[in-house]
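Here are some notes on the model, set out as numbered points. They go from the overall division of the chain to the ligand shell, the core and a few single residues.

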Amino acid sequence: ERVALWGGRFATGPADALAQLSKSTDFDWRLARYDLAASRAHARVLSRAGLLGEGDLTGMIEALDELERRVVAGEFLPAQDDEDVHSAMERGLMEIAGPELGGRLRAGRSRNDQIATFGRMYLRDHSRVVAGLLLDTVEALIAQAASHPEASMPGRTHLQHAQPVLLAHHLLAHAWPLLRDVARLVDLDQRLAVSPYGSGALAGSSLGLDPQAVAEELGFVDSVENSIDGTASRDVFAEYAFVAAMIGVDLSRLSEEIILWATKEFSFVTLDDAFSTGSSIMPQKKNPDVAELTRGKSGRLIGDLTGLLATLKAMPLAYNRDLQEDKEPVFDATDTLELLLPAFTGMVSTLVFDVERMEHLAPRGFALATDVAEWLVREGVPFRVAHELSGEAVRLAEGRGVELWDLTDDDYAGISEHFTPAVRDVLTTHGSIDSRSAKGGTARSAVARQLENARTEAARL
Ligand code: ARG
């Protein structure tokens, strides 16, 4: 006969099919140590409320410590009949402390407030791990930017050559969103740091237990104001899943670029052998699998978020068993990022850029046409007219299959009297880049300041 935590009012145990459906130990076992930490805190509040004698408290704590030792050593494992990690921990406690003492711990708590609390504890721990790994990625980008202070590349909009930019500027453009993702994880901790423990099944505890004391012992900043909210809401889980999905999306954009840059056509980067793979049939292949897996896994991270939101949608208060589905999405998102980020960081830090090729292509495709128009504006020409005249120069050059700097002084003079030979001053990549020196621009001076600010922000987070 199967023993559940709720046997009393039932004449028979659950059907096998239900037991299989109901079981969550396959995925919630990773919460075992949070369960045990909360049980120790709970034993202390029971004792302070006069519901557990001094000797019983000591015995209880010792038994919980022993159970933790067995869990960590892999000696205590989920059994066939354990419904979830909480039932299993109670079974373990009874085995060690005996049914009389072990059976006292459940007073005043419910798996509903337990699970809501442990999920938050797990997310607090892992948001720190993920943030740390992401800062490693940011540091790899900053290091690549710092070692290429001069290199230029074609800046693109619509994937077409737009204006030359510094490679460092482009790399840092990928670092800032990741820094914001880290900031999001840090910010989320304020909301994760509120403990639902003591909410009971939904209405709170009648046994004079102190939720605040448990919260403090478990490292929370506060306990919830509302026990229904405490047991029923998972918005903080969804927020974590969002940040994870956002990280995936941010990484996928750099991944896509690296995949393009590594093609024969671009030839902007070479991937390190340690961060690329070969083909089982084509001997010459060197594939950007880290970037591709990142791009692929970003889809999975989005799926974790949307799956969780769909579970939460229209769910009435308070706890419903649907909420058991809250864990796999955030666990999967965590496992995915913890697996992905070290490989991604390794790939980024070992990228070798062909700076000569990038430099060569930076001004091509008439990428200095804006500089020509802006030069005319400085000569007093209205921008509308300047845009038109620069466009005519592009048309002329394109027709001849040459670049803007290949047109002669006469060609320019033929387009408009506003053009003088001095226009050539702006027809260089570095002239164009260094003219954009205001905050946020791509000039070497501005990017050097930006790099320092990125370092400061990374160190602050
Ligand atoms: N294992 C459940 C969960 O993950 C907690 C158990 C609550 N069960 C219940 N019947 N109220 O959400």
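1. Domain bounds here come from an automatic or database domain assignment. On that basis the protein, a predicted model, is divided into domain 1 (16-107), domain 2 (112-208 + 218-358) and domain 3 (361-446). Between the C-alpha centres of domain 1 and domain 3 the distance is 73 Å.

2. UniProt has its own ranges, both from an unreviewed entry. It lists residues 12-303 as "domain: Fumarate lyase N-terminal". The chain over residues 12-303 is 62% helix and 7% strand, with end C-alpha atoms 39 Å apart. The record also gives residues 366-433 as "domain: Argininosuccinate lyase C-terminal". Helix makes up 59% of residues 366-433 and strand 0%, and the end C-alpha atoms there are 14 Å apart.

3. Which residues surround the ligand? They are Ser24, Asp28, Asp84, Arg111, Asn112, Ile115, Tyr319, Arg321, Leu323 and Gln324. By type, the shell divides into four charged, three polar and three nonpolar residues. Helix α6 (residues 111-146) supplies the largest share, three residues. The ligand lies between domain 1 (16-107) and domain 2 (112-208 + 218-358), because both give residues to the shell around it.

4. Gln114 is also in helix α6. Is Gln114 buried or exposed? Gln114 has 25 other C-beta atoms within 10 Å, and the threshold for burial is 20 or more, so Gln114 is buried. Leaving aside neighbours within four places in sequence, the contacts of Gln114 are Asp35, Ala38, His86 and Arg109. Arg9 is 105 residues from Gln114 along the chain, and their C-alpha atoms are separated by 23 Å.

5. The largest nonpolar core holds 104 residues. Those with the most contacts inside this core are Leu141, Ala175, Ala241, Ala244 and Val372. For Ala241, with neighbours within four places in sequence left aside, the contacts are Asp304, Leu305, Leu308, Pro329, Val330 and Ala333.

6. Val372 also appears in helix α14 (residues 369-378), where Asp371, Val372, Ala373, Trp375 and Leu376 are buried. The elements that cover the buried residues of α14 include α15 (383-400) and α17 (429-434). Just after α14 comes Gly380, with a positive phi of about 100 degrees.

7. Val45 lies in helix α3 (residues 32-48). Val45 counts as buried because it has 24 C-beta neighbours inside 10 Å. Not counting residues up to four places away in sequence, Val45 touches Leu209, Asp210, Ala213 and Val214. Of these contacts, Val214 is 169 residues from Val45 in sequence, while the C-alpha to C-alpha distance is 7.2 Å.

8. Arg91 sits in helix α5 (residues 85-102). How many other C-beta atoms lie within 10 Å of Arg91? There are 19, so Arg91 is partly exposed; a count of 20 or more would be needed for a residue to be buried. Beyond residues up to four places away in sequence, Arg91 touches Ala79 and Asp82. Gly103 is twelve residues from Arg91 along the chain, and the C-alpha atoms of the two are separated by 9.3 Å.

9. Some backbone geometry deserves a look. Most residues other than glycine have a negative phi, and most peptide bonds are trans. Leu317 and Ala318 are joined by a cis peptide bond, with omega about -5 degrees. Ala318 is in the loop between α11 (289-312) and α12 (327-349). Ala314 is likewise placed in the loop between α11 and α12, and its phi is near 65 degrees, a positive value in a residue other than glycine. With 5 other C-beta atoms within 10 Å, Ala314 is exposed.

10. His158 is another non-glycine residue with a positive phi, of about 55 degrees. Where is His158 found? His158 is in the loop between β1 (152-157) and β2 (160-166). His158 is exposed, because it has 6 other C-beta atoms within 10 Å.

Definitions and conventions
Residues numbered from 1 in each chain as written. Predicted model: local features only at pLDDT ≥ 70, side-chain atom pairs only at ≥ 80, totals over all residues. UniProt positions renumbered as here; feature names shortened; annotations may be inferred. Helix = DSSP H or I, 4+ residues; strand = E, 2+ residues; numbered from the N terminus. Near = placed C-beta within 6 Å. Nonpolar A, V, L, I, M, F, W, Y, C, P; charged D, E, K, R; others polar. Core = buried A, V, L, I, M, F, W, Y, C linked by C-beta atoms within 7 Å. Buried ≥ 20, exposed ≤ 12 C-beta atoms within 10 Å, placed from the backbone. Contact = placed C-beta atoms within 7 Å.
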